[in-house]
Amino acid sequence: MSEIEASVDARYLSAGANRYAAAADWGEDGLVAFGADNNVCLWNPANANGISQLLSGHTAHVRAVKYLPPHSSQPPATSYLVSGGDDQGLRVWALDRESGVASQSQVLKDAHSAPINCIATLGNSEGASRGLFVTGAADATVKIWSQDRQNGQISPVQTIKTTKGYLPLALALNQLRGQDEDEDAAFILAVGGTTNSIQIFTASAAKGAADADLQFTLQATLPGHENWIRSLDFTREKPLQKDSDILLASASQDKYIRIWRVHKGTALSALNAAGMDISVNALMPGNKIHKIKAGGQGQDNQFCIMFEALLLGHEDWIYTARWAHCASSSSGDNKTSNLQLLSASADNSLSIWQSDPESGIWITVARLGEISREKGATTATGSIGGFWTGLWSPSGNTITTLGRTGSWRRWDYDASEDMWKQNIAVSGHTRAVTGISWSRDGSYLLSTSSDQTTRLHAQWDSKTNNGYKTWHEMSRPQIHGYDLNCIDSLGPSSFVSGADEKLMRVFTKPKAVAKMLSTLTGISTDSSSGGDDPLPDAANMPVLGLSNKAIDVMLDDDADLSAQPGVDTGHSNSDREALDPASMVRKSALEIDHPPFEESLSRHTLWPEVEKLYGHGYEISCLAASHDGSLIASACKATSLNHAVIRLFETKGWTEVRPPLMAHTLTVTRLRFSMPDENGEGGDRYLLSVGRDRQWAVFQRVDGAEKGEEAGAYKLLQANTKGHSRMILDGAWAPPTCEVGGKKCSIFATAGRDKQVKIWVQKESSFELALSVTEDNAVTALDFLNRVQGSAEQQQTQLLFLAVGTEGGKLSVLQLGVDSADGSVSVTKTINVRRELWLPKAVTQLAWRPVEKTKGVGSDEGPDKSRRGDELGIAGEDGSLRIYEFHL
């Protein structure tokens, strides 16, 4: 047996961002880095391919991500990114500027003794002369760190302990002086958190002194806010002027933003610079001037801080406030003329603030997000739950924000129309992906998650990318109130899912979504759902319900009228029957030429529920649909023989096929119907079940005419009570094209907690163990590629490809050789995925993408010219969904 490294390309990476204000940053290279569970994701908003890389290393949620600024002299070939989180450690990532590929360069496992909440660096626009950054954690400490400019390694400089009960939540760092390396340096640090005041620290260092000589000391405490401080950010008011004032923006849970001015010089010079009447304004409590110093007693070391402005307009907590110098259309490249502040709030809005050049009053020049009449939407139908962070692009012409669903929203500034226009962004699950299922023709991938959503992912043919299609979330068919556990496709336009409830739900594709998918992806539309009833127009969810209801789309004019009180549009005016404006689907909502934005995904792409399937006594654990879509097999969580049964439902009348199948004594973990042959015949002959009771069972389909059995009934063929020494977590059927002794035989594989992958081959009328392969960790997911390949070395050997995923996140493909003479099985090659493509947590499910019979892999006649290999869908406990392309 030989081991080789697989040639693997990541075709699609999807992950929902962690909902922390400091868990994202936009670097000078144009890459947005954000935490997603244990991963750090890299995403270039200017590229339609979405997330380009998932960086694994952290052992718990990532809470803070920040780019380190480049050296002031010349940007190096490598940029650095620092991340921290619940694992209390810091990790430094090195990014190659040309390729955009990142790798881990340093790990500090015990940087703090509690989760790290925030990281602050010297602003990129300041031309930082030193590699300083600051971290704040729930251990009530603020730590100063220094990065060596030669090797990129970081080392601790100072630890500041906050007062008892005061935890830092926001930090900001800036240079007071010393941007040029030939002068003494001075720094200012602002700390905010679980109190209503801001602490100001300063430090100074002589010219040429090491960073280790810096010591920050408390200089002032800024009062004014009435609740916790959530965000702090410094900027130089006029970056082209060396001694320009520095502005500090502080955002709080009190719904206000305060702007503070840091001025070099005495209090009197600060008042004169601000143009205040000293006799009147200087004595007002709100205008108290805080004197600070950085270094000795000289004039150059004297600074003062005074309150500048109070920004009102948000209606809920403000999570972030960030500065940007944006080039205005009137002043060209003069960045000093257009200083703007971006604020993100829990009131579902982004605001861009700018000082009026005539009056000096700070006003809102743009407000983005959710319009007021749609704020009545329930959480289930997509109320975004506020914006958790807002980011500027390096140029200031693009902004992104993160919502409750873990999805990003993006706006680009159109100078010709002087307005912000929304553009496509990325989305993903925020909790473990528990199940995936390809459509029967492989045109789209369905995923379910513990975040209570079902999502449909498909390839967008933009017509402008030379035939190269990019993957996107195209629909969110189900938004539920229970964690979802399993899913399977019933046909081109329907699927069934199971959750932490006692029933399964069947959904069908509405017309509006079908038309959108046809336009964007080329997926053919169906005029009916498989029965006599035509497809409904769209779906919505009642405010207090769990079932998606079919509705008719409304013309735009009707939708506008229905939103106005007192206007009769043919509907009852009673409150009980009134339409929720946020749940209406306009006819034009999905008539788009791009993947749907987040608000459309969560409101307009729901699929109507057409059936509920009852019978189980506990939460659904797994289900499987037959390949012809005529049967659904399901099981629930169980601790006894009576509940550990497998129930079958036929999809024509949605009735249960009795009696239920009995073999297991504990929860069944996976159900799989056997594959059809290359002609699409002979499928579903067997049903495989594996469970926590360490046994597997194979049921055989019986003729409905025999012994009065119901059509579609199965009977137990064989059960092995000692299939593995520990619980069995997954099972998979091989394609039924292998021949042993001139006859086609069936083969399946099982995976267990005992770290074993076992291959079972049918001989005569029973299945026997043919091979056992040991892995390093518990094996959690398996799937056979639906293709048999002949061996070039041995003519009587047929090759099967089995994808294997483990609890440790390892991925590999076993190339199995099946001897046609005696049915023996051996591993002829192990194809390993390189370590950086592993998952940080367990692989929960694997699924090879079906290949159309008329268009093989790599065919230029196929619907996707960019597809050259076999694609594997990968579901992870880390909340990521991945599609890897293998060149086997």
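A residue is called buried when its relative accessible area is under 20%, exposed when that area is over 50%, and partly exposed in between. The exercises below apply this definition to a predicted model.

**Exercise 1. Describe the overall make-up of the chain: how many helices and strands are there, and what share of the residues is buried?**

Solution.
Step 1. Count the secondary structure elements. The chain has five helices and 63 strands.
Step 2. Consider burial. Of the 888 residues in the chain, 58% are buried.
Step 3. Consider the surface. The accessible surface of the chain is about 35300 Å², and carbon and sulfur atoms contribute 46% of this area.
Step 4. Consider how contacts are spread along the sequence. Among contacts between residues at least 6 apart in sequence, 57% join residues at least 24 apart.

**Exercise 2. Determine whether R476 and E598 are buried or exposed, and state what their side chains form.**

Solution.
Step 1. Apply the cut-off to R476. Its relative accessibility is 1%, so R476 is buried.
Step 2. Apply the cut-off to E598. Its relative accessibility is 5%, so E598 is buried.
Step 3. Examine the side chains. R476 and E598 meet in a salt bridge, with an N to O distance of 2.9 Å.
Step 4. Locate the partners. R476 belongs to strand β35 (residues 470-479) and E598 to helix α5 (residues 598-604); the pair therefore ties together parts that are 122 residues apart in sequence.
Step 5. Look for shared partners. Salt bridges connect D451, R455, E473, R476 and E598 into one network.

**Exercise 3. Analyse the salt bridge between K264 and D243: which parts of the chain does the pair tie together?**

Solution.
Step 1. Place the pair in context. The structure holds 35 salt bridges, one of which joins the side chains of K264 and D243 at 3.9 Å, N to O.
Step 2. Find the elements. K264 lies in strand β21 (residues 257-264), whereas D243 lies in the loop between β19 (229-236) and β20 (246-252), so the bridge ties together parts that are 21 residues apart in sequence.
Step 3. Classify K264. With a relative accessible area of 27%, K264 is partly exposed.
Step 4. Examine another pair. The side chains of E836 and R834 also meet in a salt bridge, at 3.2 Å, N to O. R834 has 27% relative accessibility and is therefore partly exposed.

**Exercise 4. Describe the surroundings of D412: which side chains make polar contacts with D412?**

Solution.
Step 1. Locate the residue. D412 is part of strand β30 (residues 408-414).
Step 2. Classify it. The relative accessibility of D412 is 17%, so D412 is buried.
Step 3. Identify the polar contacts. The side chain of D412 makes one with that of T398 at 2.8 Å and one with that of R410 at 3.0 Å.
Step 4. List the contacts beyond four places in sequence. For D412 these are N397, T398, M419, W420, K421 and N423.

**Exercise 5. Identify the residues that touch the most other members of the largest nonpolar core.**

Solution.
Step 1. Name the residues. The largest nonpolar core has 37 residues, and L90, F133, I144, L173, L189 and F216 touch the most other members.
Step 2. Take F216 as a case. Beyond its neighbours within four places in sequence, F216 contacts I144, Q158, I160, L173, F187, L189, F201, T202 and A203.
Step 3. Turn to the second core. It is separate and has 36 residues, including W26, W408, L846 and Y884.

**Exercise 6. Compare the backbone at Q88 and N348, and state whether each residue is buried or partly exposed.**

Solution.
Step 1. Read the angles. Phi is near 70 degrees in Q88, a positive value in a residue other than glycine. N348 likewise has a positive phi near 70 degrees.
Step 2. Locate the residues. Q88 is in the loop between β8 (78-85) and β9 (90-96), and N348 is in the loop between β25 (339-345) and β26 (349-355).
Step 3. Classify them. Q88 has a relative accessible area of 26% and is thus partly exposed. N348, at 7% relative accessibility, is buried.
Step 4. Examine a peptide bond. The bond from R658 to P659 is cis, with omega near 0 degrees, and P659 lies in strand β45 (residues 655-662).

How values were computed:
Residues numbered from 1 in each chain as written. Predicted model: local features only at pLDDT ≥ 70, side-chain atom pairs only at ≥ 80, totals over all residues. Heavy atoms only, no water. Core = buried A, V, L, I, M, F, W, Y, C linked by side-chain atoms within 4.5 Å. Buried < 20%, exposed > 50% of the residue type's maximum accessible area, 1.4 Å probe, protein only. Contact = heavy atoms within 4.5 Å. Helix = DSSP H or I, 4+ residues; strand = E, 2+ residues; numbered from the N terminus. Polar contact = N/O pair within 3.5 Å; in protein donor to acceptor, adjacent residues only side chain to side chain. Salt bridge = Lys/Arg side-chain N within 4 Å of Asp/Glu carboxyl O. Areas by Shrake-Rupley, 256 points an atom, 1.4 Å probe, with all protein chains shown as cover.
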